Amino acid sequence: IKKIGVMTSGGDAPGMNAAIRSVVRTCAFHNIECVGIYRGYEGMIEGDFKPMNARSVKGIINKGGTVLKSARSKTFMTKEGRKTAYQKLTEANIDALVTIGGDGTFTGAMVFNQEYDFPIMGIPGTIDNDIFGTSHTLGYDTALNTVVEAIDKIRDTASSHNRLFFIEVMGRDVGHIALNVGVGAGAEEILIPEEDLGLDRLLESLRRSKASGKSSSIVVVAEGDKIGKNVFELKDYVEEHMTEYEVRVSVLGHMQRGGSPSCFDRVLASRMGVKAVESLLENKTNFMVGLLHDKIALTPLDKAVKGKSEINMELLRVSDIMTT
Ligand code: F6P
């Protein structure tokens with residue numbers, strides 16, 4: 001392997017830049033050429049490439065987003081699109097790929113690898129933490145800190161006005177963010193897709209909390225939760241059934257994906273980038289680099305995509321005990 005392409009794809013996440021920096025510098029360390037591919041698979045299809053050296057990634061370890069930009073490419077899902085991508089990579093003499101993203105990114109990478117036998121390593125970058133084969137995806141830790149900080153601020157106003165807040169957080173189909181920030185910010189209830197609390201138990205819990213002397217409350221709602229009502233419908237429902245609280249809703253949205261990466265994410269990204277490049281140089285392919293029991297480990301891409309990232313149910317119990 002003489003020239004490695006690096007790209008970011010899917011939803012951006014804090015720590016992606018630190019991972020790009022690590023891939024580029026590990027290539028430089030091993031005297032391998034490195035090329036940045038812009039806008040994920042979209043840029044690959046268009047041949048939007050730029051040679052990168054150790055100095056091209058200066059000053060980005062602390063930056064959110066991704067300097068290589070990102071996209072969710074529909075064209076790469078077609079055979080034609082992947083054929084063009086392969087032609088562009090071959091024309092540019094790129095002979096291996098490090099792809100930083102989530103399960104959509106890895107699914108595309110796997111199909112591409114099957115069709116063209118192209119050497120690929122994946123680095124998990126998504127705030128959702130929904131990838132099997134790693135305890136932490138890049139950006140997850142930063143997002144938790146960002147969200148906890150936002151909830152702390154909402155709590156100030158909630159308690160000043162004796163209000164109940166439903167706060168919707170991201171996470172797609174999983175409740176990792178909701179569960180952890182719920183415990184970290186001391187939420188009264190946490191609604192996650194992995195466990196349907198049910199409307200009756202939600203009301204019961206809010207009544208109990210009011211009766212115990214609490215004047216304000218925070219309920220964290222994962223965007224993918226299964227209670228059957230969105231946060232605005234939940235507000236209406238609770239106001240209908242409980243007159244004790246004035247209810248407000250806050251949907252945190254894309255601010256959760258931005259900001260400077262935490263030290264944890266920067267270190268993790270640096271470790272993952274080194275491992276990704278060095279694994280390709282050892283002729284390994286079709287793996288994802290992950291963190292398991294604080295060790296950097298490889299998981300086959302298909303397992304990373306198909307496997308389930310287990311939620312820590314113990315945290316739900318901890319939350320219950322903390323809100324007595
Ligand atoms: O996967 C990251 C994520 O932020 C999810 O939490 C969220 O469901 C989704 O992306 C939002 O996607 P978009 O930025 O395309 O609206």
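In this predicted model, the UniProt annotation "active site", from an unreviewed entry, falls on Asp128. A good place to start is the position of this residue along the chain: Asp128 sits in the loop between strand S5 and helix H5, the latter covering residues 140-160. Asp128 counts as buried because 27 other C-beta atoms lie within 10 Å, and the cut-off for burial is 20 or more. Once neighbours within four places in sequence are set aside, the contacts of Asp128 are Gly102, Thr137, Met170, Gly171, Arg172, Val174 and His176.

Asp128 also appears among the residues around the ligand. That shell is made up of Gly11, Gly102, Thr126, Ile127, Asp128, Met170, Gly171, Arg172, Glu223 and Arg257. By character, the shell holds two nonpolar, four polar and four charged residues.

Attention now turns to the sheet. Strands of a sheet pair through backbone hydrogen bonds, and the pairing can be parallel or antiparallel. Here, seven strands form an open sheet with mixed pairing, in the order S3-S2-S1-S4-S5-S10-S11. Its edges are S3 (49-52) and S11, each of which pairs on one side only. From one strand to the next, the twist averages 30°.

Following some of the pairs shows how this mixture arises. Strands S1 (residues 3-8) and S4 (residues 96-101) run parallel and are joined by five bridges, with Gly5 standing opposite Leu97 of S4. Strand S5 (residues 120-124) is likewise paired in the parallel sense, with S10 (residues 287-292), over two bridges. In that pair, Met121 has Phe287 in S10 as its bridge partner. The antiparallel sense is found between S10 and S11 (residues 295-300), which are joined by six bridges; there, Gly290 is partnered by Ala297 in S11. S10 and S11 form a hairpin with two residues between the strands, and within this hairpin His293 takes a positive phi near 50°.

Helices are found against these strands too. Helix H4 (residues 103-116) lies across S4, S5 and S10, and runs at about 160° to S4. Helix H1 comprises residues 16-29, and two of its residues, Arg21 and Ser22, carry an annotation of their own.

That annotation is "binding site", which UniProt gives in an unreviewed entry for Arg21, Ser22, Val23, Val24, Arg25, Arg155, Gly186, Ala187, Glu188, Lys214, Ser215 and Ser216. These positions span 196 residues of sequence and are also spread in space, with up to 53.3 Å between C-alpha atoms.

How do the two residues of H1 sit in the fold, buried or exposed? Arg21 counts as buried because it has 25 C-beta neighbours inside 10 Å. Ser22 is buried as well, since 26 other C-beta atoms lie within 10 Å of its own. Their contacts can be listed in turn, again without residues up to four places away in sequence. Arg21 touches Val57, Ile60 and Ile61. For Ser22, the contacts are Ala269, Ser270, Gly273 and Val274.

Technical notes. Residues are numbered from 1 along each chain as its sequence is written. This is a predicted model: local features need pLDDT of at least 70, side-chain atom pairs count only at pLDDT 80 or more; totals for chains, interfaces and linings use all residues. UniProt positions are given in the numbering used here, feature names are shortened, and annotations may be inferred rather than shown by experiment. Helices (H or I, at least four residues) and strands (E, at least two) are DSSP runs, numbered from the N terminus. A residue is buried if 20 or more other C-beta atoms lie within 10 Å of its own, exposed if 12 or fewer, and partly exposed in between; C-beta atoms are placed from the backbone. Two residues are in contact if their C-beta atoms, placed from the backbone, lie within 7 Å. A residue is near a molecule or strand if its C-beta atom, placed from the backbone, lies within 6 Å of it. Ala, Val, Leu, Ile, Met, Phe, Trp, Tyr, Cys and Pro count as nonpolar, Asp, Glu, Lys and Arg as charged, and the others, Gly among them, as polar. Two strands pair if DSSP finds at least two bridges between them. Axes are lines fitted to C-alpha atoms, for helices over the stretch in contact, and angles run from 0 to 180 degrees between N-to-C directions.
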